[in-house]
Amino acid sequence: AARYVAERQWHSSQSITPVKADGSEIEFRAEVAGIEEITRWVLGHGRHAKVLAPTKLRNAVQAEARAMLES
C-alpha cells in the first residue's frame, strides 16, 4: 500500500516521507479539518496502514476496527 499511496496526490497539504529506502514504508502527513474522512481512508488500506499520530486518529481507527469485529 505504501507505494500506491506515494504515487498519488490524496490531499493538497500532504507530505510523504520514505521510511524504508525501497519505498515499502512511508510516513504520510496531511492537515485535515476532521478525522472522520481520514479515518475511513486509513481503514480502506486495512492491515497495511498503521496510524502513529495523532492519538485521536489512532483511537478512532482502533475503535472502528473493534466495532467491525463485533458486528
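Helix 2 (36-43) has two sides. Glu 36, Glu 37 and Arg 40 are exposed, on the face turned away from the buried side of helix 2. This is a predicted model.

Which residues of helix 2 are buried? They are Ile 38, Thr 39 and Val 42. Viewed down the axis of helix 2, its buried residues fall within an arc of 105°, so they line one face of the helix. An α-helix has 3.6 residues a turn, so residues three or four places apart point the same way. The buried residues of helix 2 have two packing partners: strand 2 and helix 3 (55-70).

**The core**

Ile 38 and Val 42 also belong to the largest nonpolar core. That core has five residues, and the others are Val 51, Leu 57 and Val 61. Helix 2 supplies at least two residues of this core, and so does helix 3. In soluble globular proteins, nonpolar side chains tend to be buried together.

What does Leu 57 touch, leaving out residues up to four places away in sequence? Its contacts are Ile 35, Ile 38, Thr 39 and Val 51.

**The loops around helix 2**

Gly 34 sits before helix 2, in the loop that follows strand 2 (26-29). Is Gly 34 buried, exposed or partly exposed? Its relative accessibility is 27%, which counts as partly exposed, because buried means under 20% and exposed means over 50%. Gly 34 and Met 68 are 34 residues apart along the chain, and their C-alpha atoms are separated by 21 Å.

Pro 54 lies in another loop, between helix 2 and helix 3. The peptide bond joining Ala 53 and Pro 54 is cis, with omega at about 0°.

**The largest pocket**

The largest pocket has a volume of about 820 Å³. It is lined by 27 residues. Closest to the centre are Ile 26, Glu 27, Phe 28, Lys 50 and Val 51. Val 51 is also one of the residues of the largest nonpolar core.

The lining residues divide by type as follows.

| Type of lining residue | Number of residues |
|---|---|
| Nonpolar | 19 residues |
| Polar | four residues |
| Charged | four residues |

Which element gives the most to this lining? Strand 2 does, with four residues. Helix 1 (2-6), strand 2 and helix 2 each supply at least two residues of the lining. Helix 2 thus has a part in two places: it supplies residues to the pocket lining and to the largest nonpolar core.

How values were computed. Residues are numbered from 1 along each chain as its sequence is written. This is a predicted model: local features need pLDDT of at least 70, side-chain atom pairs count only at pLDDT 80 or more; totals for chains, interfaces and linings use all residues. Side-chain values use heavy atoms; hydrogens and water are left out. Buried means under 20% relative accessible area, exposed over 50%, partly exposed in between (1.4 Å probe, protein chains only). On a 1 Å grid over the protein atoms alone, a cavity is a set of points where a 1.4 Å probe fits but cannot get out, and a pocket is an open set with protein on both sides within 12 Å along at least five of seven lines; lining residues have an atom within 4 Å of a point. Grid points are joined across faces, edges and corners, and a volume is the space filled by probe spheres set on the points. Ala, Val, Leu, Ile, Met, Phe, Trp, Tyr, Cys and Pro count as nonpolar, Asp, Glu, Lys and Arg as charged, and the others, Gly among them, as polar. The arc is that of the directions from the helix axis to the C-beta atoms. Contact means heavy atoms within 4.5 Å. A nonpolar core is a set of buried Ala, Val, Leu, Ile, Met, Phe, Trp, Tyr and Cys residues joined through side-chain atoms within 4.5 Å.
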